[in-house]
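This report introduces selected features of the structure shown below. It turns to individual residues, their surroundings and a part of the surface.

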Amino acid sequence: MAALSSSVTTRSYHSGYLASFSPVNGDRHRSLSFLSASPQGLNPLDLCVRFQRKSGRASVFMQDGAIVTNSNSSESKTSLKGLKDEVLSALSQEAAKVGVESDGQSQSTVSITVVGASGDLAKKKIFPALFALYYEGCLPEHFTIFGYSRSKMTDVELRNMVSKTLTCRIDKRANCGEKMEEFLKRCFYHSGQYDSQEHFTELDKKLKEHEAGRISNRLFYLSIPPNIFVDAVKCASTSASSVNGWTRVIVEKPFGRDSETSAALTKSLKQYLEEDQIFRIDHYLGKELVENLSVLRFSNLIFEPLWSRQYIRNVQFIFSEDFGTEGRGGYFDNYGIIRDIMQNHLLQILALFAMETPVSLDAEDIRNEKVKVLRSMRPIRVEDVVIGQYKSHTKGGVTYPAYTDDKTVPKGSLTPTFAAAALFIDNARWDGVPFLMKAGKALHTRSAEIRVQFRHVPGNLYNRNTGSDLDQATNELVIRVQPDEAIYLKINNKVPGLGMRLDRSNLNLLYSARYSKEIPDAYERLLLDAIEGERRLFIRSDELDAAWSLFTPLLKEIEEKKRIPEYYPYGSRGPVGAHYLAAKHKVQWGDVSIDQ
C-alpha cells in the first residue's frame, strides 16, 4: 500500500473531487470533501497522498470521500483558511510536477516477470490478479509482463493461454473486453531454463527493449518449485537485474521444510539479494478480513480493552477444505497439513491477532510486534496436537477416495491431512489463554475463520432466573475470512414475549450486503504491495525463523516416531480426537456448535 504516514496507510485509485474544508471535532481535525475537479486531470486522492507524504500529516480517506487530517498541537493554531491554502498549494505543485513528468522523459517503467508462467499458480492466480490491477488502473502507466518458463511458447500462445483465465468479474463494466485486449498486448514470453544465466541474459535484452531507456524497475515472481528458487534468483540477480531502478523477487511458500532447510534457503537467497529485495508471500495475509484485523482492533474502542486474558477465554483459528489432494498428493505428501497451512497461514494470522499495538503502521513496526509474539510462544507439546488422515467414504451413492488412493501419494503414507493444536503465548496479555488451531482437507465444508470466545459473565443473574447455563453460551466474535466474508458478534438476547426466554443472536456485518464493491483477490493486494515496496504483509527472515523454531521440534517428533494419524471419513468433521483436545483445555470448537 502507498504509505500515507507513519501511522496510517491507504490506497485509492478511484476518481474524486477536491476540495471543500470543514472542521471536525474542534480545531484538532480537518475534513476535506471532494467537490471540484482536480488539476491536470489527475486523481485527487493520488495528489492528496503526495501532499500527505510531503507534509507528514496523518490522513485517512473515508468511504464517503472525505479526508480527515489530524493536526499536531502547533498546527492546531493554524486557521482553516491557512490549512486550505497549504493543501491546495501543495497539490498544485504536485500536479505541475506530475505534468512535467508525463512527457515520458523521466518516467519509470515496471517489468513483471512471472517465472514458471506455464504452471497452475501463474494461470489461475498471478495473471488474473495482474489483469485485475490493470483493469482498476492500479498498475503504472508503463509496464510490461513477461512469462518465463521452460515450455516452448510464442507471445501469441502465451496470450491465448492467459486469456482463458481472465474474467470480467470485477464489476462487469462494458469496456472489460477492450481492457483485456490492451492487457494481453503488454504480455510477452521468453523460454528458458531456470538455472541458465545465458537465457536470463536474453530475457534482460528483451526487457530493455520494452523499457525504452526509462528508469527500469523489475519484479520477478517465482512461481516454481522451491528446489530451484536459488538457481532462478542467482540468474535473475546476476543477469537480469535493473541497473538504474529497483529489483524485487517474490518467493512463494514453502520456505523450507524445517528450521534448518529454511535457514539454508534464506542464506542462499541473501547471497544474491538484500533482505529488502525478498518478498516472501503468504497469500492469506492479503485476505480482506485478515487485513481488517488491525483496523477492527485498533480503531474501535469497544474491542481493544477486551483484547486480553481478562476477557477472552480462548481464540480459534479454523481452516477447512471440502476436497482432498486431487492429484497434488506428490507435493502435499512431502509437506503435510502442518507445514502447508498451520506453520504459515494460521500462525501468521495468530501473530497479527495477538501482537501488541505497534508504534505505527509502518511495515517494520508491525513485523517487529509479530516477531515478539512468535518468540513468546510456548513450545508445542505433542500431547497438545491431534493429527488425522482422511479415508474413503461413500455418501449418497458416491464413493470418495482415501488420501492414499491418490496415485501420486506413496502407499502407506502417514502424512497428516488434518491437524489440531493448542498453542500458548507466555506474556502478560495472553498468559493461560488457549489458542487453538484446526486445519484439514476433505472435511464437510470449506471455510476459514477466527473465533474469539469471551469469558462468562461473573455471577450471571440469568443463570438462576432462566434455568439455563449461559456459561455455555458466552459472547463470541467471529471473523469469517472465506467464503462469504463477514464479521459477527454473538450475544444473548431476550426472545420477544411476556416470558423470560433467552436466545443467541448475531450482530452481523455481511460484506456482500454492506459493500457493493467486490472484494479483491489476495494476490491482487500483495502484487500491488510488492510493486509499491510495501512490506507489511510479507514475511521477514527473523519472523520466518521464529515460526519454524516453534514447529520444527513437533514435526521431527511426529515423523521420527512415525506417529499414526487418526483416520476420518471423507466429508466428515474430522477426527474425534480434535474434540477431546478442545475439551482438555475446557474449550468447545465454535464451528460445531448448534448456532454457529
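## Lysine 287

Lysine 287 has a relative accessibility of 18% and therefore counts as buried, since the cut-off for a buried residue is under 20%. The model described here is predicted.

In this model, the loop that joins β10 (278-281) and α9 (288-291) holds lysine 287. When neighbours within four places in sequence are left aside, the contacts of lysine 287 are Val481, Gln482, Ala522 and Arg525.

## Glutamine 482

Glutamine 482 belongs to strand β18, which covers residues 476-482. With a relative accessibility of 9%, glutamine 482 counts as buried.

Apart from neighbours within four places in sequence, glutamine 482 is in contact with Tyr284, Lys287, Arg446, Ser447 and Ala448. With lysine 287 there is a polar contact between the two side chains, at 2.8 Å.

## Binding-site annotation

The UniProt record lists several residues under "binding site", among them Lys287 and Gln482. Tyr284 and Arg446, which are in contact with glutamine 482, also appear in that UniProt list. Other entries in the record include Lys253, His283, Glu321, Asp340 and Lys441.

## A nonpolar surface patch

On the surface, a nonpolar patch is formed by Leu414, Ile564 and Tyr567. Together these residues have about 290 Å² of accessible area.

Within this patch, tyrosine 567 is part of strand β21, residues 566-569. Its relative accessible area of 40% makes tyrosine 567 partly exposed, because that class lies between the limits of 20% and 50%.

How values were computed:
Residues numbered from 1 in each chain as written. Predicted model: local features only at pLDDT ≥ 70, side-chain atom pairs only at ≥ 80, totals over all residues. Heavy atoms only, no water. UniProt positions renumbered as here; feature names shortened; annotations may be inferred. Helix = DSSP H or I, 4+ residues; strand = E, 2+ residues; numbered from the N terminus. Buried < 20%, exposed > 50% of the residue type's maximum accessible area, 1.4 Å probe, protein only. Contact = heavy atoms within 4.5 Å. Polar contact = N/O pair within 3.5 Å; in protein donor to acceptor, adjacent residues only side chain to side chain. Patch = residues over 30% accessible without salt bridge, like charges linked within 9 Å, V, L, I, M, F, W, Y side chains within 5 Å. Areas by Shrake-Rupley, 256 points an atom, 1.4 Å probe, with all protein chains shown as cover. Salt bridge = Lys/Arg side-chain N within 4 Å of Asp/Glu carboxyl O.
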